[in-house]
Structures are given as C-alpha cells and as structure tokens.
Amino acid sequence: MTTEDGKIQFASETCRLVEQLLNDYVDEEISPGHRELVDAHLLTCSACRVALEELRELLRTARSLNDEPLDREVRQRLRHALKERVGFEVPRSKRTMLKVVPVMKR
Ligand SMILES: [Zn+2]
C-alpha cells in the first residue's frame, strides 16, 4: 500500500473521496451518511487508516502549539507534513488550513 519512498498510495476512487472527508471526520463535523462511508472504508483500507492517524497526529501537534503565532513558516511546515506524510496535497488556504488555524489559536 506504500511506494518505495514510503508515501501512501490511495488505492481507489473511494480512497479519494474518503481522503476529502477525513478532515471533517476528525473534527466530527461530518454528516452521518459520510461518517458511515468513512467508517466502513477504514475497516477495509489500511492506507486510509494511516492517513487518518497522520491527520489526527498533525492536529494534536497543532493544538499543542496553543500560544505560538502561526506564521508563514509554520503553515508551510504543516502543509508540507500533510503532503509528505499523508500523501496528498492540501489546497493552499483551503479547508484544512482554515480549520487548523483556529485550533492553534485556542
Ligand atoms: Zn482507502
């Protein structure tokens, strides 16, 4: 399920969909129907389970940075970490970062 350099290969179109839902899933802002879809898929797909754990780890890290100002370097590191470790690109200034930023300021 991984390439030689350790990046995760998403195996199917379902993976692509689940990948897009994971952020809402960890934030528990996901609709019941989508949650069911993600839960069911996670039972069968280790790549997406790993992606979920990586995302949770990243959010834990973000929350631990409470009082740190979120400067450009931190944002870039988070995007880089997501891309390198989870294996998918985070759209610049889109959903994920918009969700991470308020978390970090709590
Ligand atoms: Zn999957």
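1. With 7 C-beta neighbours inside 10 Å, E28 counts as exposed, since a residue with 12 or fewer such neighbours falls in that class. The model in which this count was made is a predicted one, and the remarks that follow should be read accordingly. E28 is located in the loop that runs between helix 1 and helix 2, and its phi is positive, at about 55°, even though the residue is not a glycine. As background for that angle, most residues other than glycine have a negative phi. The backbone at E28 may therefore deserve a look in the viewer, given the sign of its phi in combination with a residue type other than glycine.

2. On the overall architecture, the chain contains five helices and zero strands, and the pattern read along the sequence is α-α-α-α-α. Of its 106 residues, 16% count as buried. When contacts are restricted to residues at least 6 apart in sequence, 58% of them join residues that are at least 24 apart.

3. The packing of helix 1 (residues 13–27) on helix 3 (residues 46–64) can be described first by its geometry: the two axes come within 10 Å and cross at roughly 30°. Because angles under 35 degrees count as roughly parallel, helix 1 is roughly parallel to helix 3. The crossing in which helix 1 passes helix 3 is right-handed.

4. Which residues make up the contact between helix 1 and helix 3? From helix 1 come C15, V18, E19, L22, N23 and V26, and they meet A47, C48, A51, L52, L55, R56 and L59 of helix 3. Sorted by class, this contact holds ten nonpolar residues, one polar residue and two charged residues.

5. The contact of helix 1 with helix 2 (residues 32–44) is set at another angle, the axes coming within 10 Å and crossing at roughly 120°. Here helix 1 passes helix 2 in a left-handed crossing. T14, V18, L21 and Y25 are the residues on the helix 1 side, and they meet H34, R35, V38 and H41 of helix 2. By class, the residues of this contact divide into four nonpolar, three polar and one charged. V18 is listed both in this contact and in the contact of helix 1 with helix 3.

6. Which residues form the largest nonpolar core? There are eight of them, namely V18, L22, V38, C45, A47, C48, A51 and L55. Helix 1 and helix 3 are the elements that give two or more residues to this core, and helix 3 gives the most, with four residues. As a general point, nonpolar side chains tend to be buried together in soluble globular proteins. V38, a member of this core, is also among the helix 2 residues that meet helix 1.

7. Two residues of helix 1 are worth examining for the pairs they form across the sequence. C15 lies in helix 1 and counts as partly exposed, because it has 18 C-beta neighbours inside 10 Å whereas 20 or more would be needed for a buried residue. The C-alpha atom of C15 is separated by 9.4 Å from that of L42, which is 27 residues away along the chain. T14, also found in helix 1, is partly exposed with 16 other C-beta atoms within 10 Å. T14 and C45 are 31 residues apart along the chain, and their C-alpha atoms are separated by 9.9 Å.

8. Is E54, whose place is in helix 3, buried, partly exposed or exposed? With 18 C-beta neighbours inside 10 Å, E54 counts as partly exposed. E54 also pairs in space with a residue further along the sequence, L82, which is 28 residues away but 7.9 Å distant from C-alpha to C-alpha.

Methods:
Residues numbered from 1 in each chain as written. Predicted model: local features only at pLDDT ≥ 70, side-chain atom pairs only at ≥ 80, totals over all residues. Contact = placed C-beta atoms within 7 Å. Axes fitted to C-alpha atoms, helices over the stretch in contact; angles between N-to-C directions. Parallel < 35°, antiparallel > 145°, perpendicular 65-115°, else oblique. Left-handed = near helix turned anticlockwise from the far one by under 90°. Nonpolar A, V, L, I, M, F, W, Y, C, P; charged D, E, K, R; others polar. Core = buried A, V, L, I, M, F, W, Y, C linked by C-beta atoms within 7 Å.
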